[in-house]
Amino acid sequence: TLFPYTTLFRSSKKEAKRYIQLKQMERAGLIENLQLQVPFVLVDKSCYGREIKYIADFVYVENDVEIVEDVKGVKTPLYRLKKRLLAERYGIKIKET
């Protein structure tokens with residue numbers, strides 16, 4: 001049941017389901033260090049405005065590799081831009097589920 005997770009993931013049942021899967025994988029030892037809503041600064045604060053961030057749905061370690069995962073429904077132009085900036089600044093490729 002998703003009920004305990006509906007307050008944690010108000011905007012997405014798909015994200016809640018993925019969280020349950022990842023928690024089960026973590027308990028089984030398949031992944032470790034599962035984190036939720038992890039911010040990455042894409043553009044630092046400057047005289048032009050505040051910092052711009054991408055917030056990953058999940059970050060975890062699988063086979064000694066850090067995975068940044070986003071549960072996607074629609075890939076908006078803003079998401080595509082942030083995905084590109086994340087790759088350019090940190091060399092991170094987002095796993096989309």
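Which backbone oxygen lies 2.8 Å from a polar atom of the side chain of K82? I will come to that by way of the residue itself, keeping in mind that what we are looking at is a predicted model.

K82 lies in helix α2, and although K82 is buried, it has no salt bridge, the nearest side chain of opposite charge being that of D70, 9.4 Å away. What the side chain of K82 does have is a polar atom 2.8 Å from the backbone oxygen of K53, which answers the opening question. If we leave aside neighbours within four places in sequence, K82 is in contact with L42, I52, K53 and Y54.

Let me turn to the strands. K53 belongs to β2, where it stands opposite V41, and β1 and β2 pair in the antiparallel sense over 8 bridges. On to β3, residues 65-70, which runs antiparallel to β2 and is joined to it by 5 bridges, with F58 standing opposite E69. In the hairpin of β2 and β3, there are 2 residues between the strands, and N63 takes a positive phi near 55 degrees.

Finally, the interior. The largest nonpolar core has 11 residues in all, among them F40, L42, Y54, Y79 and L86, and β1, β2 and α2 each supply at least two residues of this core. Y54, not counting residues up to four places away in sequence, touches a set that includes V38, V68, Y79, L86 and I94, and also the charged residues E69, D70 and K82. There is, in addition, a second, separate core of 8 residues, which includes L22, I31, L34 and I67.

Key
Residues are numbered from 1 along each chain as its sequence is written. This is a predicted model: local features need pLDDT of at least 70, side-chain atom pairs count only at pLDDT 80 or more; totals for chains, interfaces and linings use all residues. Side-chain values use heavy atoms; hydrogens and water are left out. A nonpolar core is a set of buried Ala, Val, Leu, Ile, Met, Phe, Trp, Tyr and Cys residues joined through side-chain atoms within 4.5 Å. Buried means under 20% relative accessible area, exposed over 50%, partly exposed in between (1.4 Å probe, protein chains only). Helices (H or I, at least four residues) and strands (E, at least two) are DSSP runs, numbered from the N terminus. Contact means heavy atoms within 4.5 Å. Two strands pair if DSSP finds at least two bridges between them. A salt bridge is a side-chain nitrogen of Lys or Arg within 4 Å of a carboxyl oxygen of Asp or Glu. A polar contact is a pair of N or O atoms within 3.5 Å; within protein, one must be able to donate a hydrogen and the other to accept it, and residues adjacent in sequence count only if both atoms are side-chain atoms.
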